[in-house]
Amino acid sequence: MAWAIHAPGLKAWAAADVPAVAKKWVHYRKNQIGTWELMAAVCALKVLMDSMSDDLETVAFVDNTSALGALLRGCSRQADWN
C-alpha cells in the first residue's frame with residue numbers, strides 16, 4: 001500500500017505493509033487491489049486532515065473504479081470496505 005501528497009507547504013509519502021489487524025477483517029477475494037487502493041486513499045486523507053487547512057482543494061487519484069466509487073458514495077456493498 002502506498003500514497004503520496006504534494007501540496008503547498010506539504011510533501012508527504014508513505015509505503016507500508018498492510019497492518020495485521022486490517023488483514024484479519026478483509027474478506028478473501030481473487031483480486032484484492034481495490035481493498036488496498038481504498039486503504040491507501042483513506043490513509044492519505046487522514047494525513048491531509050491532520051496537516052492542512054480546510055480551504056485547500058484536494059485532488060485524489062485512485063487507480064481502481066470500485067474503490068473510487070466507494071469513496072465518493074461513502075459506503076460500499078462490500079461489508080469489509082465499510
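This report walks through the fold, the cores and a few single residues of one protein chain.

**The overall picture**

Keep in mind that the model is predicted. The chain has three helices and two strands. If you trace the chain from the N terminus, the elements come in the order β-β-α-α-α. The chain has 82 residues, and 34% of them are buried. About 6300 Å² of the chain is exposed, and 57% of this area comes from carbon and sulfur atoms. Now look at the contacts with a separation of 6 or more: residues 24 or more positions apart account for 54% of them.

**Two nonpolar cores**

The largest nonpolar core is made of six residues, namely L38, A41, V62, A67, A70 and W81. Two elements, α2 (33-51) and α3 (65-73), each give two or more residues to this core. There is also a second, separate core of five residues, among them I5, A12, A44 and L48.

V62, a member of the largest core, is a good residue to click on. Leaving aside neighbours within four places in sequence, V62 is in contact with E37, A41, A67, L68 and L71.

**A closer look at α3**

Which residues of α3 are buried? They are A67, G69 and A70. These residues lie on the same side of α3, because they cover an arc of only 160° around the axis. Turn the helix around, and the face away from the buried side shows the exposed residues T65 and L72.

Both ends of this helix have a detail to find. The N-terminal end of α3 is capped by N64, with a side-chain oxygen 3.1 Å from the backbone nitrogen of S66. Just after α3 comes G74, which has a positive phi of about 85°.

| Place | Residue | Value |
|---|---|---|
| N-terminal end of α3 | N64 | 3.1 Å, side-chain oxygen to backbone nitrogen of S66 |
| Just after α3 | G74 | phi of about 85° |

**T35, a residue in α2**

Next, find T35, which sits in helix α2. Is T35 buried or exposed? Its relative accessibility is 4%, and buried means under 20%, so T35 counts as buried. Not counting residues up to four places away in sequence, T35 touches V26, R29 and W81. One of these partners, W81, also belongs to the largest nonpolar core.

Terms used. Residues are numbered from 1 along each chain as its sequence is written. This is a predicted model: local features need pLDDT of at least 70, side-chain atom pairs count only at pLDDT 80 or more; totals for chains, interfaces and linings use all residues. Side-chain values use heavy atoms; hydrogens and water are left out. Helices (H or I, at least four residues) and strands (E, at least two) are DSSP runs, numbered from the N terminus. Buried means under 20% relative accessible area, exposed over 50%, partly exposed in between (1.4 Å probe, protein chains only). Contact means heavy atoms within 4.5 Å. Accessible areas come from the Shrake-Rupley method with a 1.4 Å probe; for residues, only the protein chains shown count as cover. A nonpolar core is a set of buried Ala, Val, Leu, Ile, Met, Phe, Trp, Tyr and Cys residues joined through side-chain atoms within 4.5 Å. The arc is that of the directions from the helix axis to the C-beta atoms. A polar contact is a pair of N or O atoms within 3.5 Å; within protein, one must be able to donate a hydrogen and the other to accept it, and residues adjacent in sequence count only if both atoms are side-chain atoms.
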